[in-house]
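Work through the exercises below with the sequence and the model in view. Try each task before reading its solution.

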Amino acid sequence: MKLFDVYPLFDIEPVSATGSYIIDKKGDTYLDLYGGHAVISVGHSHPYYVEMLTRQLNRIGFYSNSVKIPLQEEMAEKLGRQSGYPDYELFLCNSGAEANENAIKLASFHNGRKQIVAFSGSFHGRTSAAVAATDDKSINAPVNHSPNFVFAPFNDENAAREMITDNTCAVIIEGIQGVGGVQIPDVSFLKLLRELCDKTGAILILDEVQSGYGRSGHFFAHQYSGVKPDMITVAKGMGNGFPVGGVLIQPGIKARHSMLGTTFGGNYLACAASIAVLDIIEKENLVANAAEMGKYLVENISPLEGIKEVRGLGLMVGIELEFPCADIRKELLFNHKIFTGSSSNKNTLRILPPLNIGKTELDMFVSAFCKTLEKTPVS
Ligand SMILES: Cc1ncc(COP(=O)(O)O)c(C=O)c1O
């Protein structure tokens, strides 16, 4: 059987990885500044993470959610404490799309409404409600087109005032838009969304799938604004490569049995991985490291020739060039052995390294980037 052709593939076959580095079949070492779409938070194969997962697998790997799994409570307690949301409840699932799917569904169960307001440039995943809230027609199949999903211009306060009404079920926004090219919502915009949701009874959902778990230099990116959402969705960095996702739910939204459900969500291995990630983030002070290293990177990149704008918070950095970045990314990958990410804005590179990256690695990138910018012809 052949594989379904989903992604254009680089001719690179990783066989091992450690920290911020990946080693391929040929023995070449790559610096990983992308973490496979912002997934690697505490570094590849962190020894504590490997030990926690191995130990758990040797005990029990899986049983369904019909039995007590105390690891889920341990994870929820740690997540609540470290994120600053100790009073929220946690629904566990397996991916970012699934987290958003469940958040949208729960909002609709809660207020009985069906209109979802999302924003231009958004990306919320590829399952039916998540993709319908994603501003990319090319990945929405005809079955996903629904008049229930409307798009307001990002950061446009007047449009938000017009579009969020008593009919609105939920407003969904990323803590920082990732796929959209690292676009940060204004503090005043997030505050206005909170105000409008309070006024109309709509639910405010913050998608922190990419920007959460310390990446922004705060536990959640939206926390720089002081706004508290009704639900927060998480995945990616939560498991450092183990598939796990979740929805943090404010206590006023009540669960009833069978409203939400999952077979794999919250399994023993997913919990062990997520607890290991939270322990490492806390012990190694990675939220602060993300803030410090992100600042260092932005300061060193911003003065380079050919750069239009550097955006970001912490280690979620978008570098917008004056020209398309595809050749720059290829040059960085094949000649300098550095992984970077693209975005839906063809001029913007995304830098999403592990949160424990150091100055040595960032200096390697800045030097390679400098040489690449000098060499690559504008296309
Ligand atoms: C902000 C955001 N939300 C949701 C998703 C979907 O996550 P997943 O691929 O785990 O379903 C992504 C993936 O890139 C994302 O960036």
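Ala, Val, Leu, Ile, Met, Phe, Trp, Tyr, Cys and Pro count as nonpolar, Asp, Glu, Lys and Arg as charged, and the others, Gly among them, as polar. The model is predicted: local features need pLDDT of at least 70, side-chain atom pairs count only at pLDDT 80 or more, and totals for chains, interfaces and linings use all residues. Residues are numbered from 1 along each chain as its sequence is written.

**Exercise 1.** Describe the shell around the ligand by class.

Solution. A residue is near the ligand if its C-beta atom, placed from the backbone, lies within 6 Å of it. The shell divides into five nonpolar, eight polar and two charged residues. Of the 15 residues, those that come nearest are Ser 95, Gly 96, Ala 97, Gly 125 and Val 209. Helix 4 (residues 96–111) gives the largest share, three residues.

**Exercise 2.** How many residues of helix 8 are buried, and what do they pack against?

Solution. Helices (H or I, at least four residues) and strands (E, at least two) are DSSP runs, numbered from the N terminus. Buried means that 20 or more other C-beta atoms, placed from the backbone, lie within 10 Å of the residue's own. In helix 8, 12 of 16 residues are buried, including Leu 269 and Ile 281. These buried residues pack against helix 2 (47–59), helix 3 (70–83) and helix 9 (286–301), where contact means C-beta atoms within 7 Å. Just after helix 8, Asn 285 has a positive phi of about 55°.

How values were computed
A residue is buried if 20 or more other C-beta atoms lie within 10 Å of its own, exposed if 12 or fewer, and partly exposed in between; C-beta atoms are placed from the backbone. Two residues are in contact if their C-beta atoms, placed from the backbone, lie within 7 Å.
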